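Let's walk through this model together, one question at a time. Have the sequence and the 3D view open as you read.

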Amino acid sequence: MGTKYGKKITAVALSLAMLAGGLAGCGKEVQQQKPEPAEEAGSEAAGTDAAEKAEEPVTITAFKNSVAMPADWKWGDDPVSQRITELTGVTVEMQYATTTDNTEINTLLASGEKLPDIIITDAHGPVRSLLVDQGFAVPLNELADKYYKEFYDVLPKDMDKIYQEKDGNFYCVASFYGDEDKYGDQILNSRGPVSFSIRKDLYDEMGRPDVSTLDNYKKVILQIMEKHPEINHPVWDYMINTPWNSSSLLNVLARMYGADNNYFHYNNDKVEMVFMQPYYKEALKTYNDWYRSGMINPEQFTYKTDQQHAAIKAQDLISFVGYYWVVLQTTGIMDQIVYETIEFPMPEGKNPEELKIHDDYYGTGYDGVFITKDAEDPVRCLKYLAFLLSDEGQLLQRYGLEGLTWEKDDLGRPKETELKIETERESMEKLQKELGVYNYDFSWLTSTWAIVYGAHNTYQSYPGALKDFEIMTPHQQNERFSDLVYALTDTDALVLREQIFDTWKSGAAAIIVANNDDEFEAAYEKFVSDMERSGVDRLCEYFTENSDYWKSLGLSR
């Protein structure tokens, strides 16, 4: 582990099929030749030797299958990585990909060269299967059971179940995963991804009329439009091209009319699709009505990211529907309320207290962190991962050094220092490189718990966000089960899902821009027909099978 991880990775495009066929025996043979951790320790009393070795300085090598963020940073440049080494004795020698297509990681695995001690890659993508199926990664549960049971003390609840493979083992821990056992540590739930907001100066100008219903909301938007015809985007839909996304306007409207998650309608034990339900048609009617009233600019459907950012930065919109933090970051106005979050405007006869939206605290993880078959000291690697998962490790990764970038409030939770606030306003890259905050080059296991733990204090500096979170909190619910049901692994199922979702995207857009009632009905009938021809019933069977699997592991709605 102390040797340099080294040669520059050659970017040769090798297919996963070649790897699966050509390396099936090779990977497992090398793994069999690898000494057990007890043998490496030189004694049957491996636990004792490992404990002594844990105090010794060591370098762990790691490859992250994504570009460096920030760039041009190395371990020890900031006080956080320095503190991690001080506490653990570990220095991490990092190598990063330069592309996003898995070329370099595929090349590395196919090369037969010694792997780094740790690999960080998408926890749900094809590389995970490759690492597991070809024997490139070691089971974390086996390491923990034999040599370091304390690992389970910091492992977030159900992570081992969610990442369990067909062989009954789990091979990775994941970032941005919400630990259910720590949910109550939040001061308020601050991870809601979608809300309604109105530009405050325009709302004040109108005398702040009632907008608690969809009809009243529409009336106020039309009044502002009449007074300010220069505004090009009356209602901004943050995820207009992904109707299934929890941050899309259409998704929120569907929930207002009856949906209780992003994708599914549960009919006893059968999984059906939200877009095939009668309440989804009602949501489409409302969206189409807003389009026909001029509240939705269809140019949004074709905007690229830079065009989206330009419109938001210029405040060329009356109302924003989406993740509120996008408004703050894009406008760059963090210390005042420019767009004011409002209570969800509900359809007539619907109770706002019954509206539930996606609480992404319960995320199932993004990056997976694997210990490889070539790790020189896999037990030490496991202990390092345990440190990153611990409260102390989480606070370091998310908030930085206590006394420098955060301090404790009266409840002992993180509150940002002026140094952190001012540095972030000056430059995110400076914050990452010089102070070690939000530095994803080494904070592989930042969890959702850590993000929201001190959020109330963190966002005191951002009054708009704080009000947004206070309004959002009562509406949010755990939808982890639905997210898991969505996570298919069968190749045929994945292909069908993509086809159906493409049809969903294009079909919803066609319905939204219908110019009259007859066009709307025709577009809707075509949408349903296209879904049926595309195999939506078969997709629902795949999802139902997936649902049954998660229920068998004790995970359910």
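**A guided tour in questions and answers**

The protein has 27 helices and 15 strands. The model is a predicted one.

Q: What percentage of the 557 residues of the protein count as buried?
A: Let's start with the whole chain before zooming in. A residue is called buried when its relative accessible area is under 20%. Among the 557 residues of the protein, the share that counts as buried is 56%.

Q: What share of the contacts with a separation of 6 or more comes from residues 24 or more positions apart?
A: Here we set aside pairs with a separation below 6 and look at the contacts that remain. Residues 24 or more positions apart account for a share of those contacts that comes to 79%.

Q: Is α25 roughly parallel or roughly antiparallel to α26?
A: Helix α25 covers residues 491–512, and helix α26 covers residues 517–534. Their axes come within 9 Å and cross at roughly 175°. Angles over 145 degrees fall in one class, and therefore α25 is, relative to α26, roughly antiparallel.

Q: How many residues of the contact of α25 with α26 are nonpolar?
A: On the α25 side, the residues include L496, I500, W504 and I511. They meet α26 residues including F520, Y524, F527 and M531. The contact has three polar residues and one charged residue, and the number of nonpolar ones is eleven.

Q: Which word describes how α25 lies relative to α27: oblique or roughly antiparallel?
A: Helix α27 spans residues 536–552, and its axis is 10 Å from that of α25. The two helices pack at an angle of about 130°. Because that angle is neither over 145 degrees nor in the range 65 to 115, α25 is, relative to α27, oblique.

Q: In the contact of α25 with α27, how many residues are charged?
A: From α25 come D492, A493, L496, R497 and I500. From α27 come V536, R538, L539, Y542 and F543. Seven of the contact residues are nonpolar and no polar ones appear, while the charged ones number three.

Q: Is the crossing of α25 and α27 left-handed or right-handed?
A: We stay with this helix pair, which packs at an angle of about 130°. As α25 passes α27, the crossing is left-handed.

Q: Which elements do the buried residues of α19 pack against?
A: Helix α19 runs over residues 418–426. Its buried residues are K420, I421, T423 and E424. They pack against the strand at 414–416 and the helix at 428–435, which are β14 and α20.

Q: Is L435 buried or exposed?
A: L435 is found in helix α20. Leaving aside neighbours within four places in sequence, its contacts include D78, P79, V80, L404 and T423. Its relative accessibility is 10%, so L435 counts as buried.

Q: What distance separates the C-alpha atoms of L435 and D77?
A: L435 and D77 are 358 residues apart along the chain. In the model, their C-alpha atoms are separated by 8.8 Å.

Q: Which residue has its C-alpha atom 8.7 Å from that of A71?
A: A71 lies in the loop between β1 and α5, and it counts as partly exposed at 35% relative accessibility. Its partner is 358 residues away along the chain. The residue at 8.7 Å is E429.

Q: Is the peptide bond from M69 to P70 cis or trans?
A: Most peptide bonds are trans. P70 is found in the loop between β1 (58–64) and α5 (79–88). With omega near 10°, the bond from M69 to P70 is cis.

Q: What is the phi of D158?
A: D158 lies in the loop between α9 (151–154) and α10 (159–162). It counts as buried, at 14% relative accessibility. Although D158 is not a glycine, its phi is positive, at about 70°.

Q: Where is F176 found?
A: F176 also has a positive phi, of about 50°, although it is not a glycine. Its place is in the loop between β4 (172–174) and β5 (195–199).

Q: Which residues does T213 touch, beyond those up to four places away in sequence?
A: T213 sits in the loop between α11 (200–205) and α12 (214–227). Its relative accessible area is 15%, so T213 is buried. The residues it touches are P345, M346 and E348.

Technical notes. Residues are numbered from 1 along each chain as its sequence is written. This is a predicted model: local features need pLDDT of at least 70, side-chain atom pairs count only at pLDDT 80 or more; totals for chains, interfaces and linings use all residues. Side-chain values use heavy atoms; hydrogens and water are left out. Buried means under 20% relative accessible area, exposed over 50%, partly exposed in between (1.4 Å probe, protein chains only). Helices (H or I, at least four residues) and strands (E, at least two) are DSSP runs, numbered from the N terminus. Contact means heavy atoms within 4.5 Å. Axes are lines fitted to C-alpha atoms, for helices over the stretch in contact, and angles run from 0 to 180 degrees between N-to-C directions. Angles under 35 degrees count as roughly parallel, over 145 as roughly antiparallel, 65 to 115 as roughly perpendicular and the rest as oblique. A crossing is left-handed if the near helix is turned anticlockwise from the far one by less than a right angle, and right-handed if clockwise. Ala, Val, Leu, Ile, Met, Phe, Trp, Tyr, Cys and Pro count as nonpolar, Asp, Glu, Lys and Arg as charged, and the others, Gly among them, as polar.
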